Amino acid sequence: MSSECYPEESGIAAVKPAAEKQGEVAEMSAEVGAIRRGSPMHELHLKEFILDNAREAVYLIGSDRRFVYVNDEACHSLGYAREELLGKTPEDIDPDITPELGRWIRAQLAERGSVTIETRHRRHDGSTFPVEMQGTLFEYQGQMVNVAFVRDITGRRRQKSQLELLEHAVNLTSDGVFLMDENVRFVYVNEAACRSLGFSREELLGKTPPDIDPDITLEACLDMLHAATAEPGRFESRHRAKDGRIFPVELTAVIFEQDSRRFALTMARDITERKRMEDKLAAREREFRTLAENSPDTIARYGRDHRRLYVNPAYAAQVDSSADVLLGKMPTECPVYANAAEYEARIDEVFASGNETEFELKWANRDGQEVCILLRLTPEFGKDGEVASVLAVGRDITELSASRLKIHQMAFYDALTSLPNRALFGDRLRQILAEASWHGQLAGVMMLDLDRFKTVNDTMGHPAGDELLRETASRLSSCVRSYDTVARLGGDEFAILLPEIRSGDDLGRLAAKMLDAINRPFVLGDKEVFVSCSIGITLYPADSTESDDLLKFADSALYSAKRSGRNKFCFYSRQLTESANERLMLESELRRAIERKELELYYQPKVRLEDGALIGSEALLRWKHRQRGVVSPDKFIGIAEDSGLIVEIGEWVLHEACRVACAWNGAGKPLHKVAINLSARQFQTGDLVRTLRGVLEATGCYPEWIELEITESLLLDEESEVLEMLKAFRSLGISIAIDDFGTGYSALSYLARFPIDTLKIDQSFIRNVTTDRYSAELVKAIVTIAHCLEYQVVAEGVETEEQAAFLKTHGCEIAQGYLYGRPMPQQEFECLPLSFNETI
Ligand SMILES: Nc1nc2c(ncn2[C@@H]2O[C@@H]3COP(=O)(O)O[C@H]4[C@@H](O)[C@H](n5cnc6c(=O)[nH]c(N)nc65)O[C@@H]4COP(=O)(O)O[C@H]3[C@H]2O)c(=O)[nH]1
């Protein structure tokens with residue numbers, strides 16, 4: 001809108017009238033006036049014809065501001081009949097003419113003779129449309145006449161707004177837009193083009209590309225314009241800004257024709273930042289190459305198809321190959337890695353996740369040695385943000401891996417047998433219990449130890465002991481399934497973990513199999529050795545769900561197996577635990593029993609069956625506990641043996657028994673032998689002979705006044721040492737009795753080799769001797785064999801006269817049992833008669 005002729009706020013554009021048109025219209029209007037006032041008819045018709053066929057609407061406005069003439073176009077464009085329009089005023093058809101505008105138009109006409117404005121006209125149906133109205137005022141025959149030519153500018157307005165929209169859009173792009181005519185002069189540039197070069201639009205228009213591009217000539221531009229096809233071309237060049245600054249640009253040019261004229265449209269993008277990034281990338285790539293080529297670590301780059309895109313010299317050297325061979329190959333192709341498939345899977349993983357990962361790659365080198373490489377796979381991202389390649393950096397950790405394995409082996413495996421050790425067993429146990437709990441499965445834990453390991457170790461030496469352990473480990477392992485665990489906990493103690501079992505019976509069967517396996521002879525050096533083992537078994541979850549408890553329970557079951565004669569297996573029961581706790585308590589109290597003088601010896605008479613004479617006694621230990629009362633030896637001797645307290649207690653017993661033997665023997669008195677029980681543990685200290693000698697000396701007891709009672713198992717367990725000690729006792733003049741004969745191995749063969757004087761038939765045979773034929777026959781056989789070997793026979797647990805009579809009849813010399821008296825204190829014993837013939 002031009003502000004020179006109309007107030008801006010009116011919103012109506014005023015346009016200067018063309019001078020020629022002004023003259024023509026004035027003349028025509030004058031003619032119209034003349035016609036009305038009686039000009040010749042043909043002229044009148046001609047002029048009316050011209051006006052009615054004009055493209056513009058024509059209104060002739062009289063001095064009273066009413067239309068005195070309108071042409072056809074005026075009627076047509078407004079939808080009125082001529083009669084309807086004539087007599088109307090401009091305000092009737094123009095909704096925008098306010099009184100103020102009307103005054104302004106009139107003033108313009110009065111002052112300048114003409115006025116052009118853009119306004120709106122309203123049709124008969126009420127719709128409006130934009131128009132350009134040109135009014136001219138002139139005086140005709142003393143009258144002021146105004147003729148208005150009105151043109152519908154709807155199309156022009158639309159075109160204009162489209163152009164404005166286009167311009168706005170072009171200005172929004174950050175790329176510079178240059179439109180060049182056939183002389184490659186800029187005929188249009190957008191704001192971005194001005195901004196990037198620092199020129200105003202006016203400065204740029206009319207310039208040519210060489211004015212802003214130091215790398216191009218006008219001739220080249222013209223050649224391009226005239227030679228180029230309509231296909232857009234893209235190339236890089238440089239632009240020079242108004243201040244002389246030169247910067248890189250990417251140009252996209254397209255040539256087109258319009259109204260037979262050639263134009264070139266060029267879009268220019270400032271690529272300073274991109275170039276900087278590319279330079280930076282190139283520098284980084286150079287840097288990477290220098291580092292990679294000189295790195296002692298192996299470096300390889302992989303594409304999405306697992307094929308190598310790059311390998312550094314260290315890589316080629318390590319696999320003893322060359323880049324030519326390695327490039328383009330996949331890990332599964334070359335070189336042959338043990339876990340190449342995992343390698344490729346890891347590459348896929350990095351491509352998919354975009355995260356780096358690490359793993360150990362193993363392969364055999366040229367010499368067949370296993371090489372271990374720690375590989376780190378790192379994603380390399382492309383411009384699109386996607387992983388473009390994966391970089392694999394490898395470090396040789398063969399030595400580290402070997403020492404790590406060794407440390408692991410040392411920490412979790414037993415060096416001698418290579419079995420898992422206690423720590424690993426504990427770990428696996430916890431893990432298996434967690435799994436068993438999740439899957440609702442049963443599991444078994446066994447504790448096993450060898451019954452005669454100490455003997456082998458002591459008599460055949462440690463190398464033989466080691467061999468025995470190794471062979472035991474191998475036999476046990478061969479008894480179990482691959483997913484069971486056999487561990488060596490220390491010494492001759494083994495533990496077995498058995499997941500996924502069906503029932504306790506499975507464990508029983510397996511334990512029996514293990515007993516058999518260990519019972520087979522072991523060849524140690526050039527000797528054949530027979531060993532047995534004891535096994536304790538506990539069951540998850542029946543016995544406990546806690547790993548520590550299960551170990552403890554298996555241990556107490558093992559103890560129980562040992563107590564019940566060895567070469568056996570035993571299941572854990574709650575009673576076992578309770579008795580174990582009880583044992584622990586008793587053990588601590590037993591330690592104080594001697595100093596508190598709670599121990600006492602009772603004596604049970606031994607009677608010669610032939611004449612009923614009291615010929616001796618057996619010293620039997622009693623513990624008079626402050627709270628518990630008299631504690632039976634069955635309850636505490638075992639504890640004393642296991643804890644080692646038996647050595648001290650045994651010495652006290654020897655002292656006490658010898659002291660009493662002195663009292664009951666001597667001048668004028670018949671011989672009274674006091675039998676003293678010795679436990680196997682006392683033999684193991686090695687000091688027993690010296691101790692006994694010392695006691696005899698200290699008490700003044702004669703060796704023939706005492707007899708030592710040992711069990712058969714002692715003869716089996718500790719063969720050579722025991723034999724030596726027994727010989728020493730014999731040489732001192734002390735007699736030896738085998739206690740509880742018949743309950744153990746009853747292997748008579750060994751008896752002959754030991755210096756034994758007496759066999760004591762176990763009371764279990766005597767109990768039924770008169771009622772059970774088998775017991776009777778057995779007792780008779782024992783008596784016969786004993787006599788053959790020149791041993792004396794003592795029958796234990798004689799409770800009835802019938803039993804005594806049977807024994808007497810069958811040649812048993814001595815009897816002991818409640819029939820003659822229960823074990824009793826010394827004073828009470830001293831009141832016994834010297835012969836039982838009359839009393840019984
Ligand atoms: N039912 C029945 N039992 C009879 C009869 N006659 C004797 N007895 C019991 O049979 C056991 C015989 O002792 P033992 O076989 O040497 O078996 C002994 C022995 O092995 C051990 N013991 C006792 N005192 C000592 C000791 O001072 N040192 C060692 N190492 N062991 C001892 O304790 C075991 C048990 O001793 P006690 O309880 O005193 O039990 C004694 C005795 O009281 C009878 O007619 N009927």
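**Exercises on rings, burial and backbone angles**

A search of the whole structure finds 15 aromatic pairs, where rings of Phe, Tyr and Trp (its six-membered ring) pair if their centres lie within 6.5 Å, and planes under 30 degrees apart count as stacked, over 60 as edge-to-face and the rest as tilted. The model is predicted, so that local features need pLDDT of at least 70 and side-chain atom pairs count only at pLDDT 80 or more, while totals for chains, interfaces and linings use all residues. Residues are numbered from 1 along each chain as its sequence is written, and side-chain values use heavy atoms, with hydrogens and water left out.

**Exercise 1.** Describe the aromatic pair of Phe256 and Phe263, and state how accessible each residue is.

*Solution.* Start with the geometry: Phe256 and Phe263 are stacked, at 5.6 Å centre to centre and with 20 degrees between the planes. Next, apply the cut-offs for accessibility, in which buried means under 20% relative accessible area, exposed over 50%, and partly exposed in between (1.4 Å probe, protein chains only). Phe256 is partly exposed because its relative accessible area is 31%, whereas Phe263 counts as buried because its value is 10%.

**Exercise 2.** Classify the aromatic pair of Tyr603 and Phe829, and locate both residues along the chain.

*Solution.* The pair is edge-to-face, with 6.3 Å centre to centre and 65 degrees between the planes. Tyr603 belongs to strand 23 (residues 599-608) and Phe829 to helix 32 (residues 826-829), so that the pair links distant parts of the chain, 226 residues apart; helices (H or I, at least four residues) and strands (E, at least two) are DSSP runs, numbered from the N terminus. Tyr603 is buried because its relative accessibility is 1%, and Phe829 is buried because its relative accessible area is 4%.

**Exercise 3.** Find the backbone feature of His306 and of Lys597, and compare their surroundings.

*Solution.* Begin with the background: most residues other than glycine have a negative phi, and most peptide bonds are trans. His306, which is not a glycine, has a positive phi of about 70 degrees, and His306 is placed in the loop between strand 11 (298-302) and strand 12 (308-311). Lys597 likewise has a positive phi, near 55 degrees, and is found in the loop between helix 21 (574-593) and strand 23. As for accessibility, His306 is buried because its relative accessible area is 13%, whereas Lys597 counts as exposed because its relative accessibility is 71%.
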